[in-house]
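Reader: Please take me through this structure with care, giving the cut-off behind each term as it comes up.

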Amino acid sequence: MSICSSAFRNTVAAVAVCGAIVVGCAGSPTPAAKPAEAPPNPAAAPVDTLAESFAALAASIPATVGVAVASADGTRLFGNWSAGPAWSTIKVPLSIAALRSEPERAGALVNKAIIQSDNAAAEQLWAMLGDPSVASRAVEAVLHDGKDMTTVVQSQRVRDGYSAFGQTDWAMQAQAGFAARLPCLAAAGPVLDDMHKLAADQQWGLAGADGVAAKGGWGPGVDGAYLVRQLATVSSPSGTFGVALAAQSDGGTYDAAVAAINRLGDWVKQHRNEFPATPC
């Protein structure tokens, strides 16, 4: 005789219990399953306000743009433009290389190459360093001192009418990192001084801002569309951070690209206090 049958004869209540736990009549009752616990709410991802701010800005500019910033927090790239011809921004490490090689001869030429962005003066500085392969290595040595270990300075003229060194492919993040370390480099002092005194027609982007040393570069691509770039070292009492700006307007004109660079420079100025400086 089963336990369940015995329970049935003894009490109606037991019948109710037995009916409620049919499987349990053959053994011990199975405990009711606990309701599933809701998973804990994951912590909300931190909002990248800088990235959001830049994305909104870039969407309003009719150009392909990029900004790289190298600070004590590391190097960040904002926007879609990341690498391309250095144009005249390469005159910064070129000038330092020439000052290291022949400071007395190079001084006046550096003034012209930086302040006026004089191409003939830059070519003289380049020739001062030796044949093209030797000159390229001398400029690369300056880049290496600035912790840019990846950029290869172009030694051969790849486009008629344009300098070899100006066609060096210089990535934005590498350029910003170099700019951040510029005040730490031997023979960089005179170049930085000149970068504070750019000619009036080159006072765009970050040029002329308080505590900023800048050098611009520009030129047409093979399709004729102008690329405008700027390298800048931003100083504060605690050190410096480096900036690289780039813009190629949808219309392809120099003026439109400069207008885009101005807006990028304004964005950096607005967020200047969010990029911690690093000392030498």
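Author: Buried is used here for a residue with under 20% relative accessible area, exposed for one with over 50%, and partly exposed for anything in between (1.4 Å probe, protein chains only). Helices (H or I, at least four residues) and strands (E, at least two) are DSSP runs, numbered from the N terminus. The model is predicted, so local features need pLDDT of at least 70 and side-chain atom pairs count only at pLDDT 80 or more, while totals for chains, interfaces and linings use all residues. Residues are numbered from 1 along each chain as its sequence is written, and side-chain values use heavy atoms, with hydrogens and water left out.

Reader: How many helices and strands does the chain have, and what share of its residues is buried?
Author: The secondary structure comes to 10 helices and five strands. Of the 280 residues in the chain, the buried share is 45%.

Reader: Is helix H8 largely enclosed or largely open, and which of its residues are buried?
Author: Helix H8 spans residues 172-181, and eight of its 10 residues are buried, so the helix is largely enclosed by the rest of the structure. What covers these buried residues, by contact (heavy atoms within 4.5 Å), includes strands S1 (63-71), S2 (74-79), S4 (226-236) and S5 (239-249) as well as helices H4 (91-101) and H7 (132-145). The buried residues of H8 are Met172, Ala174, Gln175, Ala176, Gly177, Phe178, Ala179 and Ala180.

Reader: Which residues touch the most other members of the largest nonpolar core?
Author: A nonpolar core is a set of buried Ala, Val, Leu, Ile, Met, Phe, Trp, Tyr and Cys residues joined through side-chain atoms within 4.5 Å. The largest such core has 68 residues, and those touching the most other members are Val67, Phe178 and Leu182.

Reader: Which helix gives this core its largest share, and which residues are included in the second core?
Author: The largest share of the 68-residue core is seven residues from helix H10 (residues 254-270). A second core, separate and made of 10 residues, includes Trp81, Trp87, Leu227 and Ala244.

Reader: With which residues is Phe178 in contact, leaving aside neighbours within four places in sequence?
Author: Phe178 is among the buried residues of H8. Once its neighbours within four places in sequence are set aside, Phe178 is in contact with Val92, Pro93, Ile96, Val142, Leu143, Gly146, Trp170, Leu185 and Leu231.

Reader: What is the geometry of the pair formed by Phe78 and Trp267?
Author: Rings of Phe, Tyr and Trp (its six-membered ring) pair if their centres lie within 6.5 Å, with planes under 30 degrees apart counted as stacked, over 60 as edge-to-face and the rest as tilted; a search of the whole structure finds 11 aromatic pairs. Phe78 in strand S2 and Trp267 in helix H10 are 189 residues apart, so to speak of this pair is to speak of a link between distant parts of the chain. Phe78 is buried at a relative accessible area of 3%, and Trp267 is buried with a relative accessible area of 3%. Their ring centres are 5.1 Å apart and their planes at 65°, so the pair is edge-to-face.Reader: Where do Trp87 and Tyr162 lie, and is Tyr162 buried or partly exposed?
Author: The rings of Trp87 and Tyr162 have centres 5.3 Å apart and planes at 75°, so this pair is edge-to-face. Trp87 lies in the loop between S2 and H4 and Tyr162 in the loop between H7 and H8, so the pair ties together parts that are 75 residues apart in sequence. Trp87 counts as buried at 7% relative accessibility, whereas Tyr162, at 26%, counts as partly exposed.

Reader: Which residues that line the largest pocket are closest to its centre?
Author: A pocket is found on a 1 Å grid over the protein atoms alone, as an open set of points where a 1.4 Å probe fits, with protein on both sides within 12 Å along at least five of seven lines, and lining residues have an atom within 4 Å of a point. The largest has a volume of about 250 Å³, a volume being the space filled by probe spheres set on the points, which are joined across faces, edges and corners. Of its 18 lining residues, the closest to the centre are Trp87, Ser88, Asn119, Tyr162 and Ser163.

Reader: How many bridges join S3 to S4, and which residue of S4 stands opposite Val212?
Author: Two strands pair if DSSP finds at least two bridges between them. S3 and S4 run antiparallel and are joined by nine bridges, and the residue opposite Val212 is Val234.
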